[in-house]
Amino acid sequence: MLTSIIGKAQTEKIYSKAYGKSENPTIIFIHGGPRGNSTLFEGTTAENLAGKGFYVIVYDRRGEGRSIDTTATFTFQEAISDLNSIYEKYNIKRANIIAHSFGGLVGTLFTEQNPEKVSSLILAGALFSQQETYNHILETTRKIYKKKNDTLMLSKISAIERLAKNSAEYRKQCYEIASMNNYFKMPFPTNEANQLRENYENSEYGKSNIRNDDAPILFYKNESKNNIDTKSILKKLEKENVKLFALYGLQDKIFSEKQLSDMKKIVGKQNFKTIDNCSHYPFVDQQNPFIEIIEKWIKQKTTTNKVLAKS
C-alpha cells in the first residue's frame, strides 16, 4: 500500500491511497458528492479489487472528505485538474476509471478533456442526466404519497418542484425525499452486505467519514454546469477509443427505466449490466458480482489491446 499527499501545483493537500502492485492495470475510483468521499469504497472494496490483479487508487476530491481545503471552489475544472495531479503523482499514463454517483459526471467530463488518459470509463450507479433523475424521483414519490393519501407530503413535493432547478436546495430536497422512501437501499440486505457495512462502520474508514456540508452550496454557487446531461458527451467518447461500461443496481430507484435504457444504448448491450437485489452502492450491496464484472470488463479490454498491438 502507498499513501500519498498531493499538492505540487496547489498549496493544499489531497488525500489519496493506492492498493496493489503498480505494474498491474490501474483503476482510479471517483466518489460521489459533492459532499462525498471514498471511505466506503476504500474500506470495503479497494483491497479486494486490488487482489484480483489491479492497481487501485482512491482519493477524496479537494474540499471533500479527507482532502480538507477551505479555499476549494468545487468546480468541475478544479476536480479535473486535481485528477490530473493524481495521474502525475502515481506516474499513470492511462487508467481505468470507476465513477460512482456524482463522480460519473466528474469522470465523464475528465474523459472528454483527456481521452488519451482513460482506457475505460466504468459508470457505476453514476449520474448522467440530472434533471431526468430529479423528475423521476418527484414523479414516483408523488405516486407513493397519492396512494397513501398523504396530503402533507404531496404538498412538500409541489413545493420542491417550485424551487429553482439549478439550486443546491432543489437537489438536496429531491435526494432527501428519495432517501425517505429507501431509494438508495438494497431491498433485501444479505449477510455479506450487512457484514461489510458493519465492518466499515467500526473501521478507521467509517470513523474518517468526513463530509463538508458547505460543498454542495459552493458547487452550485461556483459551477455553472450544475444540472447537466452528459449523454451526448458519452456518445462521442466511443469515437475517442475510450471503452464505456455501465453497471447499475436493478433497484437503484433514483434512475428511471428510460434512463437505464438510454445508457444501455450508449454503451452497448454487452457493456451494460444490472445487478439484482442491489441499489445505489453496488460495490457493497453485491460486492462479489460487482468485482467479477469489473474484472471481466477490464481484463477483456486489456486482452483486446494486446491483440491489436501484435497485429
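This report describes a buried lysine, a cis peptide bond and two asparagines with positive phi in a predicted model.

## Basis of the model

The model is predicted, and local features need pLDDT of at least 70, side-chain atom pairs count only at pLDDT 80 or more, and totals for chains, interfaces and linings use all residues. Residues are numbered from 1 along each chain as its sequence is written, and side-chain values use heavy atoms, with hydrogens and water left out.

## Lysine 117

K117 lies in the loop between helix 3 (103-113) and strand 6 (118-124); helices (H or I, at least four residues) and strands (E, at least two) are DSSP runs numbered from the N terminus. K117 is buried but has no salt bridge. Buried means under 20% relative accessible area, exposed over 50%, and partly exposed in between (1.4 Å probe, protein chains only). A salt bridge requires a side-chain nitrogen of Lys or Arg within 4 Å of a carboxyl oxygen of Asp or Glu. The nearest side chain of opposite charge, E116, is 5.2 Å away; Lys and Arg count as positive and Asp and Glu as negative, while His and the chain ends are not counted.

Beyond its neighbours within four places in sequence, K117 is in contact (heavy atoms within 4.5 Å) with N84, Y87, K93, R94, A95 and F110.

## Backbone features in loops

The peptide bond from G33 to P34 is cis, with omega near -10°. P34 is placed in the loop between strand 3 (26-30) and helix 1 (39-50).

N149, in the loop between helix 4 (130-148) and helix 5 (151-161), has phi near 55°. N149 counts as exposed because its relative accessibility is 60%. N277 has a positive phi of about 50° and is found in the loop between strand 8 (272-275) and helix 12 (282-285). N277 is buried, with a relative accessible area of 15%.
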